[in-house]
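The following report introduces a structure to a reader who has not met it before. Please look over the sequence and the model first.

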Number of protein chains: 2
Amino acid sequence: MNVTVLGAGAWGTALAKVLHVNGHAVTLWNRDAETLAEIQRTRRNERYLPGVDLPANWKLEPQLREAVRGRDCIVLAIASQGFREVATQLSDTRAVLVSVTKGIEYDTGKTMCGVLRECVSAARAVALSGPTFAAEVARGLPTAIVAASEDEAARRTVQELFHQPTFRVYRSADVLGVELGGALKNIIAIAAGVCDGLRFGDNSKAALITRGVAEVRRLGVACGAQAETFAGLSGLGDLMVTCFSHQSRNRALGERAGRGEKLDSLKRPGEKLAEGVPTARSAFRLARQLNVETPIIDEVHAVLHEGKEARRAVMDLLSRDTKAED
Amino acid sequence: MNVTVLGAGAWGTALAKVLHVNGHAVTLWNRDAETLAEIQRTRRNERYLPGVDLPANWKLEPQLREAVRGRDCIVLAIASQGFREVATQLSDTRAVLVSVTKGIEYDTGKTMCGVLRECVSAARAVALSGPTFAAEVARGLPTAIVAASEDEAARRTVQELFHQPTFRVYRSADVLGVELGGALKNIIAIAAGVCDGLRFGDNSKAALITRGVAEVRRLGVACGAQAETFAGLSGLGDLMVTCFSHQSRNRALGERAGRGEKLDSLKRPGEKLAEGVPTARSAFRLARQLNVETPIIDEVHAVLHEGKEARRAVMDLLSRDTKAED
């Protein structure tokens, strides 16, 4: 198949490599042409995927229109805040569209597949999401992921496109559940990171994350997703690993907040912003609109967007009375 | 209240300290009188709880009969393999009995509260379980835990006995679910440790643990527990942290197996055996009796008790086809 990956960050580059290994004709596009030129020259993407050899025989195309023309499948690996701008330019395409971006648009409360369906009239949108650090996928370590779409043929196509013995793709019809699990877990990971930064230990982190799992499911179900989806790879699986792994940017940002770093230094200009930061804002708004109780999201929002002290926020969470287990 | 803790390992000692801080009259018993003598002399339990100061004004009693006489509450912090032997000696007691031991008896398939109910005719048995590393509790780090019993008054008593601002006790009526969650998670943690030992990365570990959560719930429900319990602190919370934390003995044992250490060296004589080792045997038997599919438990059992190579076991798990997410 003719496939284009939009976005040469770590994830876009790693997925392009998976597709290339599977024998597809791959084009990689990036907003910043310099990154493409460097990949062309060095066969590496040292900034985002250090140490990983990249193929020679794929196409690096700096013109978006050219990159997507006549493709069977287009993969969007674009930060959520720039997602709509790119999606808008795909309005005429008939390709299967795959979003691998985990976020919620602030103004509309939509996930990325929701944005795709709005921007592209013939969209067959598929979300590809799960517990997947790009560096591990690029090194061929065993990984499992979910392809979700309401369109059965589209999710099967994406499964076949990406599937490898070490990159196992499962299917789901609950695209909203898969997307919300992936987006909301970043907020919980920031809270887990705050626990780490405060050196509160594993017991409190486990208590917090357990509540986080329930909170993500509660908000997701209120949005229209299926509860069971949050117990799967794209929900629980992604949430756990993001909360515990030292590879997670969101957890690391929380850890710095927990150590007392101030807000402006957390959002360093020039540094790639952890997706949980804008997602906390969107999710906080969404929860108020739907009248869902989301104590962890509220506290993370307060820390990131209202200047609340991180220690205070976590203490408030841990001392909050919850109901008995039953 | 007059409370006795049986077992001066890390967990028994830490819980005795919690009870002492709460103002109860605490007696600590241990099978090995030497440990008690050392605690008496040094006000420390350096072997199991290094660096933690212990109270002066509690009672250290090497005679079991003396230790439990006339007590309102008896806490059993005894390894599962020696649990029945101690429980048998409590047959006449009218005290509330609290098990903090995570295991399943091989011959009977019973959890520890099940053993208590069998051995003590007037037993009001409560399981106290959750994501709780003893060292963190002893240092006063925020912790949450579940007191589960079919006897409502008993679980309230235990909640009040232990509850502190940094040691929050929730209640549950599903004692079997709470106990099975705590016991079975140790097996999943061994499998997660094998992934670590093989350096398979976070992606594969997340995929494996996600299936582990479903597997524990499936077996637990077949035993008669409630599905929701496995999504709580004593299920999911304990499972996650045991799989990821470097404090977990079970995960560490799996890691050594993953690095290729042989079976006899994993079960070093003199070293405290990780509870997951006997639990894997019991759970494997239980699953066959109930005809429940438990691929992870089966593989861990094969590694620990049938000499299967750990790498082969995890490869078999990761390449196993599971159904689509839905």
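## A buried arginine and its partners

The side chains of B:Arg251 and B:His246 are joined by a polar contact of 3.1 Å; a polar contact is a pair of N or O atoms within 3.5 Å, where within protein one must be able to donate a hydrogen and the other to accept it, and residues adjacent in sequence count only if both atoms are side-chain atoms. The model is predicted, so local features need pLDDT of at least 70 and side-chain atom pairs count only at pLDDT 80 or more, while totals for chains, interfaces and linings use all residues. Residues are numbered from 1 along each chain as its sequence is written, chains are lettered from A and ligands numbered from 1 in the order in which they are written, and side-chain values use heavy atoms, with hydrogens and water left out.

B:Arg251 is placed in helix α11 (residues 249-258) of chain B; helices (H or I, at least four residues) and strands (E, at least two) are DSSP runs, numbered from the N terminus. With a relative accessible area of 2%, B:Arg251 is buried; buried means under 20% relative accessible area, exposed over 50%, and partly exposed in between (1.4 Å probe, protein chains only). Apart from neighbours within four places in sequence, the residues in contact with B:Arg251 include B:Ala189, B:Gly193, B:Asp196 and B:Lys205, contact meaning heavy atoms within 4.5 Å.

## Salt bridges

Side chains of opposite charge can pair when their charged atoms come close. A salt bridge is a side-chain nitrogen of Lys or Arg within 4 Å of a carboxyl oxygen of Asp or Glu, and by this rule there are 38 over all chains. Three examples from chain B are tabulated.

| Pair | Closest N to O |
|---|---|
| B:Glu105 and B:Arg84 | 2.7 Å |
| B:Asp196 and B:Arg251 | 2.7 Å |
| B:Arg288 and B:Asp298 | 3.1 Å |

B:Arg288 lies in helix α13 (residues 276-290) of chain B and B:Asp298 in helix α14 (residues 295-305) of chain B, so this pair ties together parts 10 residues apart in sequence. B:Arg288 is partly exposed at 37% relative accessibility, and B:Asp298 is likewise partly exposed, at 24%. In the pair of B:Glu105 and B:Arg84, B:Glu105 is buried at 16% relative accessibility, whereas B:Arg84 is partly exposed at 24%.

## How the two chains meet

Chain A can be laid on chain B with an RMSD of 0.0 Å by a turn of 180° and a shift of 0.0 Å along the axis, the copies being superposed by least squares on the C-alpha atoms of residues with pLDDT of at least 70 in both. The two copies are thus related as by a two-fold rotation axis.

The contact draws 47 residues from chain A and 48 residues from chain B. Of the interface residues of chain A, 100% are also interface residues in chain B, so the copies meet through the same surface. Between them the chains bury about 3700 Å², 58% of it on carbon and sulfur atoms; buried area is the accessible area (1.4 Å probe) that two parts lose on being put together, summed over both. Across this interface the rule finds 0 salt bridges, while 20 residue pairs are in polar contact (both at pLDDT 80 or more). On the side of chain A that touches chain B, α9(A) gives the most, with 10 residues.
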